[in-house]
Every structure is written in C-alpha cells, then in structure tokens.
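Grab a coffee and open the viewer. Below are a few exercises, each with a solution worked out step by step.

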Amino acid sequence: MEKFTTLHSKAIPLQIENVDTDQIIPARFLKATDKQGFGDNVFRDWRYNKDNTLNIDFALNNPNYSGSILVAGDNFGCGSSREHAAWALTGYGFKVVVSSFFADIFKGNALNNGLLPVQVSKAFLNTLFKSIKKDPNINIIVNLEAQTIAIENTDHVAHFEINSYKKTCLINGYDDIDFLLSKKAKIEAFEISLN
C-alpha cells in the first residue's frame, strides 16, 4: 500500500445520507476477484443515466469538483459487507472519505485497503459541505499523524479517532502481512531466546 501521512487536496461533496455499499459499487460489477477496474464503476447508477450518458447533476461528474477526498453524508458504507466498495473508491482515486458516521465493516475494509475513513461531528461535516460549495478549489488537509482534518486558511480543524494499529499500517504503507514482516527480526530473536 501507499504510505499516508498528510494529504492536501480539494474535495468532492456527496451530500447524501445512508450511502450503502450497493450504491458505491452495484452488485452486478462484483464478478472480478482482483481490484482492477472497480473505480470505473464507482457510484455507477448515480454517475450514469439509464442510456449510459453521464448524469451531469451528480457530484463526481461536476467539473467544478475534484480531488482525492470524498466528503459524504451521515452513515456512509452501510449495507452489505463487500470489500469491493473500498476497492472502487480507491480505484477511482480517493484516499480519504469523510463522514459523520461509517458502518463498522466498511470502515475496516477501507483501512485494510489504504482508504482513510475520517469521522467528524455533524457540525464539522456541515462546515465542510458549505466551504466546498462556496469554493470548490479550497484545500482540505488531513494529517494522519496528528489525527486532524482542517480547512486550509481557516480556523476550522477537527480531531478524528483511528485504531493505533491501522494508523501505524497506513503511515508505513503496510498491509497486515507487511506489518508482520516488519517484525521478523524481533520474532526471530524472540524464538532464539526461547531455545
């Protein structure tokens, strides 16, 4: 995985609550077993009309918005436990998803795939939405080491929680296997000490 410490990026606002994993990546696209290509179909039924033309009213299709941060409504990632939802979001290019609440299984899948879920208060989330809509070029700063999210050139800053193990993995670009391999020398020394 890619290392994550601090991200400065514009953001795409998706001010919709209760976005479930079937809306993130519809079930008909789950036939593949590797992560390739899922980003092409993220939010497929919202990004495209029934005739496969772009839905110009959908946030990801709005040319005013761009960036690797998705700012979403409350209760993001609810529904089924498909890991493909995290694959689709990272495949599209998102590195961070911000919401006032995440489904636990989605949060775990996101962290396991290098996507940082940043949970903030509803008040701070509303401030983000207003700021992005007022100025789509505004940068959001996510500092994983300090566990803060801020709106650049303002005093709007919020702290977020993250599991310390997952934080270590993201900062170092580790998946679970990489983490174990990083401890190989200590494990071998411990085994020798037992003999």
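**Exercise 1: Leu116 and the core**

Task: find which residues Leu116 is in contact with, leaving aside neighbours within four places in sequence.

Solution. Start with the rule: contact means heavy atoms within 4.5 Å. Leu116 is then in contact with Phe4, Lys95, Val96, Val97, Leu111, Val142, Leu144, Phe160, Ile162 and Leu170.

Before going on, a word on the model. It is a predicted one, where local features need pLDDT of at least 70, side-chain atom pairs count only at pLDDT 80 or more, and totals for chains, interfaces and linings use all residues. Residues are numbered from 1 along each chain as its sequence is written, and side-chain values use heavy atoms, with hydrogens and water left out.

Next, place Leu116 in the core. A nonpolar core is a set of buried Ala, Val, Leu, Ile, Met, Phe, Trp, Tyr and Cys residues joined through side-chain atoms within 4.5 Å; buried means under 20% relative accessible area, exposed over 50%, partly exposed in between (1.4 Å probe, protein chains only). The largest such core has 54 residues, and Leu116 joins Phe43, Phe76 and Leu89 as the members that touch the most others. Helix 5 (residues 122-134) is the top contributor to this core, with five residues. Helices (H or I, at least four residues) and strands (E, at least two) are DSSP runs, numbered from the N terminus.

**Exercise 2: Pairing charges**

Task: work out which parts of the chain the salt bridges of Lys95 and Arg82 link.

Solution. First the cut-off: a salt bridge puts a side-chain nitrogen of Lys or Arg within 4 Å of a carboxyl oxygen of Asp or Glu. The model has four of them.

Take Lys95 and Glu2, whose closest N and O atoms are 3.1 Å apart. Lys95 sits in the loop between helix 3 (84-92) and strand 4 (96-99) and Glu2 in the segment before strand 1 (6-9), so this pair ties together parts 93 residues apart in sequence. Lys95 is partly exposed at 28%, while Glu2 is exposed at 58%.

Now Arg82 and Asp22, with 2.9 Å between the closest N and O atoms. Here the loop between strand 3 (69-72) and helix 3 is linked to helix 1 (residues 21-24), 60 residues away. Arg82 is buried at 16% relative accessible area; Asp22, at 36%, is partly exposed.

For a local case, try Lys184 and Glu188, a salt bridge at 4.0 Å, N to O. Both belong to helix 8 (residues 184-194), four residues apart, or about one turn of the helix.

**Exercise 3: A serine in strand 4**

Task: is Ser99 buried or exposed, and which backbone oxygen does its side chain reach?

Solution. Ser99 lies in strand 4 and is buried, at 0% relative accessibility. Its side chain reaches the backbone oxygen of Gly73 at 2.7 Å. Beyond its sequence neighbours within four places, Ser99 has contacts including Ala72, Asp74, Phe76, Val118 and Leu125.

**Exercise 4: Around helix 4**

Task: name the buried residues of helix 4 (residues 104-112) and what they pack against.

Solution. The buried set is Phe106, Asn109, Ala110 and Leu111. These residues pack against helix 1, helix 3, strand 5 (116-119) and helix 6 (164-172). Finish just after the helix, where Gly114 takes a positive phi of about 80 degrees.

How values were computed: Polar contact = N/O pair within 3.5 Å; in protein donor to acceptor, adjacent residues only side chain to side chain.
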